[in-house]
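Colleague: Please take a close look at the salt bridges in this model, one part in particular, and tell me what the atoms show there.

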Amino acid sequence: KSGRSFPLGAAYDGSGVNFALFSANAEKVELCLFDAKGARETARIALPERTGDIWHGYLPGLEPGMLYGYRVHGPYEPAEGHRFNPNKLLLDPYARAHAGDLKWNPAVFGYKMETGDDATFDERDSAPFMPKCVIVDPGFDWQGEAGRLSIPWDETVIYEAHVKGFTKLHTGIEEKLRGTYAGFGSQQIVNYIKTLGVTSVELLPIHTFINDSNLLEKKLTNYWGYNTIGFFAPDPRYASDVPNSLREFKEMVARLHAAGLEVILDVVYNHTAEGNELGPTLSFKGI
(Lines give C-alpha, C1' and ligand atoms only; values in the text may rest on other atoms or scores of the structure.)
Protein backbone atom coordinates (compact mmCIF):
# COMPACT_ATOMS: atom_id res chain seq x y z
CA LYS A 1 0.00 0.00 0.00
CA SER A 2 1.10 3.58 -0.61
CA GLY A 3 0.63 4.70 3.00
CA ARG A 4 1.15 8.29 4.18
CA SER A 5 3.96 10.81 4.10
CA PHE A 6 3.45 11.67 7.77
CA PRO A 7 4.65 10.97 10.39
CA LEU A 8 8.26 10.30 9.43
CA GLY A 9 9.72 7.02 10.65
CA ALA A 10 7.98 3.71 11.25
CA ALA A 11 4.49 4.30 12.70
CA TYR A 12 2.63 1.27 14.11
CA ASP A 13 -1.17 1.66 14.19
CA GLY A 14 -2.26 -1.71 15.59
CA SER A 15 -2.82 -3.25 12.17
CA GLY A 16 0.46 -2.58 10.41
CA VAL A 17 3.26 -0.08 9.97
CA ASN A 18 3.56 3.06 7.87
CA PHE A 19 7.09 3.88 6.73
CA ALA A 20 8.09 7.40 5.65
CA LEU A 21 11.58 8.63 4.81
CA PHE A 22 12.74 12.04 3.59
CA SER A 23 15.24 12.11 0.72
CA ALA A 24 15.30 14.96 -1.77
CA ASN A 25 17.62 13.32 -4.28
CA ALA A 26 16.97 9.58 -4.00
CA GLU A 27 15.83 7.62 -7.05
CA LYS A 28 14.47 4.62 -5.11
CA VAL A 29 14.11 3.68 -1.44
CA GLU A 30 14.02 0.05 -0.30
CA LEU A 31 12.79 -1.09 3.11
CA CYS A 32 14.74 -4.07 4.47
CA LEU A 33 13.29 -6.38 7.11
CA PHE A 34 15.40 -8.72 9.25
CA ASP A 35 15.00 -11.80 11.41
CA ALA A 36 14.77 -11.51 15.19
CA LYS A 37 18.56 -11.56 15.61
CA GLY A 38 19.19 -9.01 12.87
CA ALA A 39 21.47 -11.48 11.10
CA ARG A 40 19.44 -12.29 8.00
CA GLU A 41 17.56 -9.98 5.65
CA THR A 42 14.14 -11.55 5.18
CA ALA A 43 12.51 -9.06 2.79
CA ARG A 44 13.39 -6.08 0.63
CA ILE A 45 10.47 -3.90 -0.46
CA ALA A 46 10.61 -0.73 -2.54
CA LEU A 47 8.56 2.07 -0.97
CA PRO A 48 5.84 2.55 -3.60
CA GLU A 49 4.93 6.22 -3.24
CA ARG A 50 6.60 9.61 -3.14
CA THR A 51 4.97 12.80 -1.89
CA GLY A 52 7.26 15.77 -2.41
CA ASP A 53 10.59 14.61 -1.02
CA ILE A 54 9.12 11.94 1.26
CA TRP A 55 9.08 8.27 0.23
CA HIS A 56 6.46 6.17 1.93
CA GLY A 57 4.57 2.86 2.07
CA TYR A 58 2.36 0.82 4.40
CA LEU A 59 2.81 -2.86 5.31
CA PRO A 60 -0.20 -4.50 6.97
CA GLY A 61 0.42 -7.18 9.57
CA LEU A 62 3.79 -5.98 10.84
CA GLU A 63 4.18 -6.03 14.62
CA PRO A 64 6.37 -4.15 17.12
CA GLY A 65 9.74 -5.80 17.58
CA MET A 66 10.45 -6.19 13.85
CA LEU A 67 13.96 -5.09 12.85
CA TYR A 68 14.43 -2.93 9.78
CA GLY A 69 16.67 -0.56 7.85
CA TYR A 70 16.81 1.15 4.44
CA ARG A 71 18.78 0.97 1.22
CA VAL A 72 18.63 4.17 -0.78
CA HIS A 73 19.42 4.39 -4.50
CA GLY A 74 20.64 7.53 -6.22
CA PRO A 75 23.70 9.22 -7.68
CA TYR A 76 27.13 8.60 -6.20
CA GLU A 77 28.74 11.98 -6.81
CA PRO A 78 30.70 12.97 -3.68
CA ALA A 79 31.85 16.23 -5.26
CA GLU A 80 28.17 17.20 -5.59
CA GLY A 81 27.33 16.04 -2.07
CA HIS A 82 25.58 12.82 -3.19
CA ARG A 83 26.78 9.60 -1.57
CA PHE A 84 23.98 7.16 -2.36
CA ASN A 85 25.07 3.52 -2.17
CA PRO A 86 22.37 0.82 -1.92
CA ASN A 87 24.98 -1.69 -0.77
CA LYS A 88 24.90 0.10 2.58
CA LEU A 89 22.13 -0.58 5.09
CA LEU A 90 20.98 2.71 6.58
CA LEU A 91 19.42 3.49 9.94
CA ASP A 92 16.11 5.35 9.89
CA PRO A 93 16.79 8.87 11.26
CA TYR A 94 13.34 8.77 12.91
CA ALA A 95 13.62 5.29 14.45
CA ARG A 96 12.38 5.15 18.04
CA ALA A 97 14.60 2.22 19.03
CA HIS A 98 17.80 0.50 17.89
CA ALA A 99 19.10 -3.04 18.43
CA GLY A 100 22.62 -4.40 18.11
CA ASP A 101 26.01 -2.74 17.86
CA LEU A 102 28.04 -1.38 14.98
CA LYS A 103 30.88 -3.75 14.05
CA TRP A 104 33.67 -1.71 12.53
CA ASN A 105 34.41 -3.21 9.13
CA PRO A 106 35.48 -1.62 5.82
CA ALA A 107 32.02 -2.55 4.47
CA VAL A 108 30.30 0.16 6.54
CA PHE A 109 32.03 2.83 4.44
CA GLY A 110 30.39 4.00 1.22
CA TYR A 111 33.77 4.26 -0.48
CA LYS A 112 36.68 1.79 -0.60
CA MET A 113 37.96 2.69 2.84
CA GLU A 114 41.35 1.04 2.35
CA THR A 115 42.16 3.52 -0.43
CA GLY A 116 41.43 6.63 1.61
CA ASP A 117 39.73 8.04 -1.51
CA ASP A 118 36.06 8.86 -0.90
CA ALA A 119 35.49 9.28 -4.65
CA THR A 120 35.67 5.49 -5.00
CA PHE A 121 32.53 3.32 -4.71
CA ASP A 122 32.32 0.27 -2.43
CA GLU A 123 30.04 -2.66 -3.33
CA ARG A 124 30.31 -4.69 -0.10
CA ASP A 125 27.09 -5.24 1.86
CA SER A 126 27.22 -3.45 5.21
CA ALA A 127 24.11 -5.10 6.72
CA PRO A 128 25.96 -7.86 8.66
CA PHE A 129 27.92 -5.21 10.55
CA MET A 130 25.15 -2.69 11.19
CA PRO A 131 22.79 -2.22 14.13
CA LYS A 132 19.13 -2.33 13.11
CA CYS A 133 16.10 -0.14 13.78
CA VAL A 134 13.20 -1.54 15.81
CA ILE A 135 9.49 -1.00 15.23
CA VAL A 136 7.92 0.03 18.53
CA ASP A 137 4.43 0.45 19.93
CA PRO A 138 4.36 4.17 20.80
CA GLY A 139 1.43 3.82 23.18
CA PHE A 140 2.13 4.90 26.76
CA ASP A 141 -0.12 5.82 29.69
CA TRP A 142 1.22 9.12 30.98
CA GLN A 143 -1.25 8.79 33.90
CA GLY A 144 -3.06 12.04 33.26
CA GLU A 145 0.01 14.21 32.73
CA ALA A 146 -1.01 17.62 31.42
CA GLY A 147 2.21 17.78 29.39
CA ARG A 148 5.85 18.50 29.91
CA LEU A 149 6.77 20.90 32.66
CA SER A 150 8.01 24.31 31.57
CA ILE A 151 9.80 26.20 34.31
CA PRO A 152 10.35 29.96 33.69
CA TRP A 153 14.03 30.59 32.99
CA ASP A 154 14.38 33.01 35.88
CA GLU A 155 13.24 30.26 38.24
CA THR A 156 15.18 27.39 36.67
CA VAL A 157 17.84 25.56 38.69
CA ILE A 158 19.43 22.80 36.60
CA TYR A 159 21.02 19.60 37.87
CA GLU A 160 23.09 17.93 35.15
CA ALA A 161 23.60 14.17 35.32
CA HIS A 162 24.70 11.14 33.31
CA VAL A 163 22.07 8.38 33.30
CA LYS A 164 24.59 5.57 33.60
CA GLY A 165 27.17 7.17 35.86
CA PHE A 166 24.66 8.52 38.37
CA THR A 167 23.53 5.12 39.65
CA LYS A 168 26.15 2.67 38.34
CA LEU A 169 27.86 2.28 41.73
CA HIS A 170 24.84 3.10 43.90
CA THR A 171 24.51 0.28 46.45
CA GLY A 172 21.00 1.40 47.34
CA ILE A 173 19.73 0.54 43.87
CA GLU A 174 18.93 -3.01 42.78
CA GLU A 175 22.04 -4.24 41.00
CA LYS A 176 20.41 -5.00 37.65
CA LEU A 177 18.94 -1.46 37.58
CA ARG A 178 22.20 0.38 38.30
CA GLY A 179 23.26 2.58 35.39
CA THR A 180 19.88 2.42 33.65
CA TYR A 181 16.84 4.56 32.94
CA ALA A 182 14.93 2.45 35.48
CA GLY A 183 17.61 3.07 38.09
CA PHE A 184 17.58 6.82 37.49
CA GLY A 185 13.78 6.84 37.71
CA SER A 186 13.71 4.82 40.94
CA GLN A 187 11.96 6.45 43.90
CA GLN A 188 15.17 6.68 45.90
CA ILE A 189 16.96 8.67 43.19
CA VAL A 190 13.98 10.88 42.40
CA ASN A 191 13.53 11.69 46.08
CA TYR A 192 17.22 12.57 46.42
CA ILE A 193 17.21 14.93 43.44
CA LYS A 194 14.06 16.57 44.78
CA THR A 195 15.79 17.32 48.12
CA LEU A 196 18.48 19.32 46.30
CA GLY A 197 16.02 22.10 45.58
CA VAL A 198 16.51 22.00 41.80
CA THR A 199 13.68 22.47 39.31
CA SER A 200 15.12 20.64 36.33
CA VAL A 201 17.20 17.57 35.49
CA GLU A 202 19.38 17.89 32.40
CA LEU A 203 20.52 14.50 31.11
CA LEU A 204 23.76 14.16 29.21
CA PRO A 205 23.11 12.54 25.79
CA ILE A 206 20.79 9.54 25.96
CA HIS A 207 20.32 9.27 22.18
CA THR A 208 21.77 6.22 20.42
CA PHE A 209 25.42 6.77 19.65
CA ILE A 210 28.44 4.98 18.22
CA ASN A 211 31.81 4.17 19.77
CA ASP A 212 34.57 5.34 17.42
CA SER A 213 36.87 2.58 16.19
CA ASN A 214 39.98 4.33 17.54
CA LEU A 215 38.48 4.24 21.04
CA LEU A 216 37.58 0.55 20.83
CA GLU A 217 41.09 -0.27 19.63
CA LYS A 218 42.37 1.29 22.86
CA LYS A 219 39.74 -0.64 24.85
CA LEU A 220 38.01 2.64 25.66
CA THR A 221 34.43 3.81 25.17
CA ASN A 222 32.58 7.04 24.39
CA TYR A 223 31.28 7.69 27.89
CA TRP A 224 29.64 11.06 27.25
CA GLY A 225 27.61 10.04 24.21
CA TYR A 226 28.32 13.04 21.96
CA ASN A 227 28.39 10.90 18.81
CA THR A 228 24.71 10.56 17.97
CA ILE A 229 23.31 8.37 15.21
CA GLY A 230 19.64 8.26 16.31
CA PHE A 231 18.15 11.47 17.65
CA PHE A 232 14.75 9.89 18.47
CA ALA A 233 15.90 6.59 20.01
CA PRO A 234 17.04 6.25 23.64
CA ASP A 235 20.31 4.33 23.67
CA PRO A 236 19.59 0.69 24.57
CA ARG A 237 22.83 0.36 26.54
CA TYR A 238 21.16 2.40 29.30
CA ALA A 239 18.11 0.14 29.46
CA SER A 240 17.65 -2.69 31.93
CA ASP A 241 15.04 -4.14 29.55
CA VAL A 242 16.69 -3.62 26.15
CA PRO A 243 13.77 -4.58 23.86
CA ASN A 244 11.66 -1.97 25.65
CA SER A 245 14.21 0.83 25.91
CA LEU A 246 11.73 3.50 24.75
CA ARG A 247 9.10 2.48 27.31
CA GLU A 248 11.66 2.36 30.12
CA PHE A 249 12.87 5.84 29.18
CA LYS A 250 9.30 7.17 29.19
CA GLU A 251 8.67 5.63 32.61
CA MET A 252 11.76 7.41 33.98
CA VAL A 253 10.54 10.74 32.58
CA ALA A 254 7.04 10.18 33.99
CA ARG A 255 8.45 9.57 37.48
CA LEU A 256 10.57 12.70 37.35
CA HIS A 257 7.58 14.71 36.13
CA ALA A 258 5.42 13.26 38.90
CA ALA A 259 7.91 14.69 41.38
CA GLY A 260 7.60 18.11 39.77
CA LEU A 261 10.98 17.92 38.04
CA GLU A 262 11.43 19.20 34.49
CA VAL A 263 13.50 16.99 32.17
CA ILE A 264 15.90 18.56 29.66
CA LEU A 265 17.86 16.49 27.14
CA ASP A 266 21.36 17.50 26.11
CA VAL A 267 21.57 17.13 22.33
CA VAL A 268 24.24 18.09 19.81
CA TYR A 269 23.20 18.51 16.17
CA ASN A 270 26.43 19.92 14.73
CA HIS A 271 28.00 16.51 14.16
CA THR A 272 26.94 12.86 14.11
CA ALA A 273 28.62 9.47 14.38
CA GLU A 274 29.22 9.54 10.61
CA GLY A 275 31.97 12.11 11.05
CA ASN A 276 33.44 13.94 8.08
CA GLU A 277 33.53 12.95 4.39
CA LEU A 278 35.83 10.01 5.22
CA GLY A 279 33.50 8.63 7.89
CA PRO A 280 31.19 5.63 7.58
CA THR A 281 27.83 5.59 5.80
CA LEU A 282 25.37 4.67 8.55
CA SER A 283 22.29 6.85 8.04
CA PHE A 284 22.10 10.51 7.02
CA LYS A 285 25.09 10.36 4.69
CA GLY A 286 23.43 7.74 2.49
CA ILE A 287 19.97 9.36 2.56
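Modeller: This is a predicted model, and the part to start from is the pair Glu41 and Arg44, which form a salt bridge with the closest N and O atoms 2.6 Å apart. Glu41 has a relative accessibility of 23% and counts as partly exposed, because the class of buried residues ends at 20%. Arg44, at 45%, is also partly exposed, since exposed would require over 50%.

Glu41 has a second partner. Its salt bridge with Arg71 has the closest N and O atoms 2.9 Å apart. This pair links distant parts of the chain: Glu41 belongs to strand β4, residues 41-46, while Arg71 belongs to strand β7, residues 67-73, and the two residues are 30 apart. Arg71 has a relative accessibility of 2% and therefore counts as buried. Glu41 thus has one partner, Arg44, that is partly exposed, and another, Arg71, that is buried. Through shared partners, salt bridges join Glu41, Arg44 and Arg71 with Asp125 into one network.

For context, the structure holds ten salt bridges. Another of them pairs Glu30 with Lys28, where the closest N and O atoms are 3.7 Å apart; that lies inside the 4 Å limit, so the pair is counted. Glu30 is buried, at 11% relative accessibility, whereas Lys28 is partly exposed, at 34%.

Two other features can be set beside the network. On the surface, Tyr223, Trp224 and Tyr226 form a nonpolar patch, with about 300 Å² of accessible area together. Tyr223 sits in the loop between α4 (213-217) and β15 (228-234). With a relative accessible area of 34%, Tyr223 is partly exposed; the patch rule asks for over 30%, so Tyr223 can be included.

Inside the protein, the count comes to one cavity of 30 Å³ or more. The largest cavity has a volume of about 30 Å³. Its lining is made up of Tyr76, Arg83, Gly110, Tyr111, Glu277, Gly279, Thr281 and Lys285. By residue class, that lining divides into two nonpolar, three polar and three charged residues; the glycines fall in the polar group because Gly is counted there.

Note on methods
Residues are numbered from 1 along each chain as its sequence is written. This is a predicted model: local features need pLDDT of at least 70, side-chain atom pairs count only at pLDDT 80 or more; totals for chains, interfaces and linings use all residues. Side-chain values use heavy atoms; hydrogens and water are left out. A salt bridge is a side-chain nitrogen of Lys or Arg within 4 Å of a carboxyl oxygen of Asp or Glu. Buried means under 20% relative accessible area, exposed over 50%, partly exposed in between (1.4 Å probe, protein chains only). Helices (H or I, at least four residues) and strands (E, at least two) are DSSP runs, numbered from the N terminus. Patches are made of residues with over 30% relative accessible area and no salt bridge: like charges are joined within 9 Å, nonpolar side chains (Val, Leu, Ile, Met, Phe, Trp, Tyr) within 5 Å. Accessible areas come from the Shrake-Rupley method with a 1.4 Å probe; for residues, only the protein chains shown count as cover. On a 1 Å grid over the protein atoms alone, a cavity is a set of points where a 1.4 Å probe fits but cannot get out, and a pocket is an open set with protein on both sides within 12 Å along at least five of seven lines; lining residues have an atom within 4 Å of a point. Grid points are joined across faces, edges and corners, and a volume is the space filled by probe spheres set on the points.
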